[in-house]
Amino acid sequence: MQERSSVGELANRLRQELNRYSPGGKLPSSRVLVERFRVSPVTVSRALAQLAAEGLVVTRPGAGAYRAEARPSSAPAGDTSWQEVALSADGAADLVPRTVNAAGVVVSLAAPPPGVIEFNGGYLHPSLQPERAMAAALSRAGRRPGAWGRPPLDGLPELREWFARGIGGAVTAAEVLITAGGQAGLTTALRALAPPGAPVLVESPTYPGMLAIARAAGLRPVPVPMDADGVRPPLLADAFRATGARVFVCQPLFQNPTGAVLAPERRAEVLRIAREAGAFVIEDDFVRRLVHEDAAPLPRPLAAEDPDGVVVHVGSLTKATSPSFRVSALAARGPVLERLRAIQIVDTFFVPRPLQEAALELVGSPAWPRHLRAVSTELRVRRDAMTSALLTALPQLSLPHIPSGGYHLWLRLADGTGGTSQAFGSGGESALVAAALRAGVAITPGRPYFSAEPPASHVRLSFAAVAGTGEIGEGVRRLRTACDEVL
């Protein structure tokens, strides 16, 4: 982390001094920069590379670095208004018009402004990521014979075997495809299983990224309510009968956003209902490796209990590593596997071999179990810190469930019906999100998690994307300020 900070600081200093040199003028040598700024040669090299990538300097091997020539003035902007007609006409005949809206996903991907505490993040803070282990794995992978060649289209056999063992049951490596992250796996599965215009059953609330995928494919998400024990089987059966849907998407373990775990007595019931409806269950097993230290033994994936090919399983390494470590698996049994495979090949050909080799190196190293244990401990500490701070400072935010896995809490805004003295009025959710950002903390609104009208206002708070418990305490203090403003 220190090296990364030094590179950014040096790049900023050099950027500020570029006006001292005329276009094409030579910058001081690397040796001079090392001595002047008291940094390593590697830091100088990386800072100059960063400026070169921005088009500010040009580096010439053996000669040094030079200020880049002024860029030519850009051509006048063209007239793109014709696209409004073309894009509107494109979906005119669709039964369910395609809507490509990434807003619900961008919330957890975009970096907040400087100084804003990130309670809306969807990934581990860099201090929790196994950066050294990933770097070492990537370095070793790059030196493997054939590491830069074309991989098997289904993925490296050893990596497919590793994912199959993690799923368990009778799942074999032959039933696993390697994909480029969980989002890509979900996209492939939905495209394979549901034609445009078809209904697809989803948990309510559910992951906004999945809703975005469905709508972009011209599918019609149909909500199935859930409670503290996961999706409600009678309502799932009713939804299948009413819609004729052939797909149900769920997160049985530490569901996003509620954190619920599908109850043992409901697991077989969900599979039975789907089987009788002639439907598939897409199991998004996205945070199995982010279990908290105090959690009870985890249930197996639904795919491990499914002999009939009902479940299409999606599992990923990304949440437990880094947003850039996009390696995941699709597992399925029966003829559907070939359809999944064909769509995967058409869309992306294959996951780059160096990344697959690096994944094998990482999960096979002693650093991997150490990392998972450390993250398990730290997530429990952070969850407890955020829970305690919220219960003390913000009784207006109801916390119905404290999860034992995952990276966030799901809170309901008081509406005055539960006997609270303070309540959020109409539009309270969006007002609180805006006020929180003004106070210096970014939170996630609950509305994007519902495919239909939500029953109440909610917010989601992440405790994994911040630097530590101190930042959690300060973030809750700022959120308290926002609540006081709204109320």
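Here is a quick tour of a sheet, some cavities and a few unusual backbone spots in this structure. Keep in mind that the model is predicted. Its open sheet has eight strands, and the cavity count, taking those of 30 Å³ or more, comes to five. Along the backbone you'll also meet cis peptide bonds, one of them between Ser 204 and Pro 205, and positive phi values, including that of Arg 38.

**The sheet**

- If you trace the eight strands across the open sheet, the order reads 4-11-10-9-8-5-6-7, and the pairing is mixed.
- Strand 4 (176–179) and strand 7 (230–231) sit at the edges, so each of them pairs on one side only.
- For background, strands of a sheet pair through backbone hydrogen bonds, and they can do this in a parallel or an antiparallel way.
- Strand 10, covering residues 311–316, runs antiparallel to strand 11, covering residues 328–331, and four bridges link the pair.
- To see a bridge for yourself, look at Gly 315, whose partner in strand 11 is Ala 329.

**The largest cavity**

- The largest of the cavities holds about 80 Å³ of space.
- Its lining is made up of Val 171, Glu 175, Ala 303, Asp 306, Val 311, Ala 331, Ala 332 and Arg 333.
- Sort that lining by type and you get five nonpolar residues and three charged ones, with no polar residues.
- There's a link to the sheet here: Val 311 and Ala 331 are among the lining residues, and strand 10 (residues 311–316) and strand 11 (residues 328–331) include those positions.

**Cis peptide bonds**

- Ser 204 is joined to Pro 205 by a cis peptide bond with an omega of about 5°.
- You'll find Pro 205 in the loop that runs between strand 5 (199–204) and helix 9 (208–216).
- Another cis bond goes from Asn 256 to Pro 257, and there omega is near 20°.
- Pro 257 belongs to the loop between strand 8 (247–250) and helix 11 (264–276).

**Positive phi values**

- Arg 38 isn't a glycine, yet its phi is positive, at about 55°.
- The loop between helix 2 (30–37) and helix 3 (41–53) is where Arg 38 lies.
- Arg 38 has 76% relative accessibility, so it counts as exposed.
- Phe 254 is also a residue other than glycine with a positive phi, near 55°.
- Look for Phe 254 in the loop between strand 8 and helix 11, which is also where Pro 257 lies.
- With just 2% relative accessibility, Phe 254 counts as buried.

Definitions and conventions:
Residues are numbered from 1 along each chain as its sequence is written. This is a predicted model: local features need pLDDT of at least 70, side-chain atom pairs count only at pLDDT 80 or more; totals for chains, interfaces and linings use all residues. Side-chain values use heavy atoms; hydrogens and water are left out. On a 1 Å grid over the protein atoms alone, a cavity is a set of points where a 1.4 Å probe fits but cannot get out, and a pocket is an open set with protein on both sides within 12 Å along at least five of seven lines; lining residues have an atom within 4 Å of a point. Grid points are joined across faces, edges and corners, and a volume is the space filled by probe spheres set on the points. Ala, Val, Leu, Ile, Met, Phe, Trp, Tyr, Cys and Pro count as nonpolar, Asp, Glu, Lys and Arg as charged, and the others, Gly among them, as polar. Helices (H or I, at least four residues) and strands (E, at least two) are DSSP runs, numbered from the N terminus. Buried means under 20% relative accessible area, exposed over 50%, partly exposed in between (1.4 Å probe, protein chains only). Two strands pair if DSSP finds at least two bridges between them.
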